[in-house]
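Here are some short exercises on strands and helices, each with a worked solution. Have a look at the model first, then try each task before reading on.

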Amino acid sequence: MRKEKEYVVIYLDCCLYGCDVADDQRIVINLTRNGLFYHDRIITCQITEVIHLLCNNYGGISRFDLLDFECLDLQIRQSVEYCEEQNECWSPHEMVLYYTGRELPLRPEEQHEEALRLMIDCYQEMKRRGEEEWPRIEKIEIPVNRVLYDLVARGIEFRNDQLEEFCQVQHKKLYRALNRIQLDSGQVQPNLEALYNQLNLPIHYLKYGRLKALCKKYPELQPFRDAEKAERNLRILTYLSAIRKNLNIVTPVVKPVGSRTSRIILRNPSLQNMSKEFRGLFNCSHQTFVNHRYLYVDYSQFEAGILAGLTNRKELISLYEKNRIYSEIERIANCDRSEAKILFYCFIYGGVCAKKLKGFFNRYCSEGDLESLVNAPKVSSFLGNSRILNMDTDCHKILNHRIQSIGSLIFKQALIDVYNRYRWKVDLVLPLHDGALYKIIDDEITDEDICRIYREAFRKYFPGLSPLVKPQQFFPEGE
C-alpha cells in the first residue's frame with residue numbers, strides 16, 4: 001500500500017514542480033497532471049496558484065493536505081524565539097535564510113531545482129524546531145486549511161449592481177471627514193493620538209478601545225472614525241469594482257494563520273473588515289439556480305466566555321451564561337454600556353485594568369486567578385500556538401495571546417466540524433472574527449444543527465460552560 005508523501009513544490013509556467021521530502025536524491029518531478037495521490041501533502045509559498053492548478057488538473061483540493069510556508073513560518077518562529085513585531089514583509093528568501101543559513105537563488109524560476117532542494121532543507125528544519133507545534137498543525141491547521149482553501153477554490157459570490165454608486169458615496173464621505181478634521185481639529189493630516197492628548201483620554205483607549213464606542217461620549221472623535229471607515233470601505237469596494245463587470249466571484253488570499261494568535265486573515269480584499277452596511281453584496285439568493293439560504297452564526301462575548309472558562313469561577317461563568325458581563329460592569333463601574341465594553345477590551349487586549357474595572361474583578365475574578373494566567377514568558381493555547389514574550393515589555397500581551405489563541409483554536413474546530421459533517425450541503429461563504437456566514441443548500445439542515453456544532457467545539461475545551469451561540473442578522477434589514 002502506497003504511503004502518503006510530502007512534496008515541497010514550486011509553481012512555474014503553469015506547471016507544478018516538486019520534490020519528495022523523503023527522497024534523499026532530491027529528484028524534481030513535474031506533478032502538473034499526475035503523480036499526486038490521496039492525502040499527499042503539499043508545502044508551498046504559492047498557495048493560491050497551487051490551489052487553482054489542483055482544481056484544474058486534479059479536480060479539487062479536498063484530497064490533499066496543503067501547507068502555506070508563510071503561515072507555517074509564523075506559527076513556528078514565534079514559538080522558538082522572541083519576535084517583537086509581526087513581519088509584514090515576509091519573503092521565501094528571508095525564511096530560507098533564517099532556517100538554513102543559505103540563500104535562495106536570486107531568480108528561482110531559472111534555478112528551480114536548486115530552490116526546491118533548499119526549501120526542502122528549510123521545511124525539515126522547521127519540523128525539527130517546531131516539534132512542539134506539530135500536533136496543532138496536524139489536528140487543527142491542516143484540516144482548517146482544507147476548509148478555507150476550498151473556499152478560495154470556489155471563490156465568494158458578490159453582487160456588482162451597486163458597486164459604482166457605493167464607491168462614489170464612500171469617496172465623498174472620506175473627503176468630507178478629512179475636511180472636518182482639518183477645520184475642526186486644525187490638523188493637516190489626521191493625528192488621533194494628538195486629539196486623545198487634548199481630550200485627556202488614557203492612551204490605552206487609543207490602542208485597545210473601540211473608537212465607535214468612544215465617539216458616543218466624545219463627538220470630536222467622530223470625523224476620525226468616519227475617515228477610517230470610509231477609507232477602508234473604499235479600498236475594498238474599489239477592489240471588487242476592478243473585477244470585470246461580467247464576473248461576480250472574488251477569490252481573496254486566505255491566510256489561516258494570519259496573526260500572532262493564529263487568527264484567520266483575508267487579503268486582497270480584506271472582506272472581513274467591510275462595514276455591515278455593505279454585507280448585502282454577498283446576498284446572492286436570486287442569482288443562482290440552486291435554492292439556498294444564508295446563516296450567520298457567531299460566539300457572543302467570546303473573550304469573556306474564554307476568560308470565565310480559564311478562571312473556572314462559578315460567579316463569572318454564571319454571569320457569562322446569562323449574557324450579563326457588560327451589564328454588570330455598567331452597574332459596578334457606574335458607566336454606560338459603551339464604556340463598559342471599552343474597559344473590558346482594554347483589559348483583554350492590553351492588560352490594562354482601569355480603576356473602574358477593579359471592583360468587577362474583585363467581585364468575580366480574584367487577582368490570584370488573573371495572575372495564574374499571565375505568569376509565564378511562553379504563552380500557549382491548549383494545543384500549541386505558543387509565543388515567547390518579553391516579561392519586561394510585553395506583559396500586557398500575555399493574557400491577550402492566551403485568550404485569542406484559544407479563541408482561534410475553538411473557532412477553527414467549529415469550522416472543521418461543520419465542514420466534515422455537512423460537506424456539499426453547507427458551504428462556508430465568509431469567515432469573520434468569531435463567526436461565519438454559511439450557505440445552506442439542504443432544507444433538512446436547521447440553524448440549530450450548525451449552532452450545536454459551534455457549542456460542541458467550545459465545550460470540547462471548556463466542558464463546564466454553556467457557550468452563547470445563536471444565529472445573528474448578517475445582511476442589512478430588508479435584504
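Before we start, a word on pairing: two strands count as paired if DSSP finds at least two bridges between them. Please keep in mind that this is a predicted model.

**Exercise 1. Which residue in S14 does Leu295 stand opposite, and over how many bridges do S10 and S14 pair?**

Step 1: Find the two strands, S10 at residues 293-299 and S14 at residues 435-440.
Step 2: Their pairing is antiparallel and extends over six bridges.
Step 3: Within this pair, Leu295 faces Tyr438 of S14.

**Exercise 2. Place S10 and S14 in their sheet: what is the order of the strands?**

Step 1: The sheet is open, has four strands and reads S13-S14-S10-S15, with antiparallel pairing.
Step 2: At its edges are S13 (426-431) and S15 (469-472), each of which pairs on one side only.
Step 3: On average, neighbouring strands here are turned by 35° against each other, direction ignored.

**Exercise 3. Which strands does helix H17 lie across, and which does H18 touch?**

Step 1: H17, residues 395-422, lies across S10, S13 and S14, and runs at about 10° to S14.
Step 2: H18, residues 447-461, packs on the sheet and touches S10, S13, S14 and S15. The direction of H18 makes about 25° with that of S10.

**Exercise 4. Now try the five-strand sheet: what is the strand order, and which strands are at the edges?**

Step 1: This open sheet follows the order S3-S2-S1-S4-S5, and its pairing is mixed.
Step 2: The edge strands are S3 (28-30) and S5 (65-68), each pairing on one side only.
Step 3: Its neighbouring strands are turned by 30° against each other on average, direction ignored.
Step 4: S2 (residues 15-20) and S3 run antiparallel, joined by three bridges. Tyr17 stands opposite Asn30 in S3.
Step 5: Add helix H5 (residues 134-154), which lies across S4 (41-44) and S5 and runs at about 100° to S5.

**Exercise 5. How do H2 and H4 pack, and what kinds of residue make the contact?**

Step 1: H2 (residues 69-80) and H4 (residues 112-129) pack at about 40°, with axes 10 Å apart.
Step 2: Angles under 35 degrees count as roughly parallel and 65 to 115 as roughly perpendicular. H2 and H4 are therefore oblique to each other.
Step 3: Their crossing is left-handed.
Step 4: H2 contributes Phe69, Leu72, Asp73, Ile76 and Val80, while H4 brings Met119, Tyr123, Met126 and Arg129.
Step 5: Sorted by type, the contact has seven nonpolar, no polar and two charged residues.

How values were computed. Residues numbered from 1 in each chain as written. Predicted model: local features only at pLDDT ≥ 70, side-chain atom pairs only at ≥ 80, totals over all residues. Heavy atoms only, no water. Axes fitted to C-alpha atoms, helices over the stretch in contact; angles between N-to-C directions. Contact = heavy atoms within 4.5 Å. Parallel < 35°, antiparallel > 145°, perpendicular 65-115°, else oblique. Left-handed = near helix turned anticlockwise from the far one by under 90°. Nonpolar A, V, L, I, M, F, W, Y, C, P; charged D, E, K, R; others polar.
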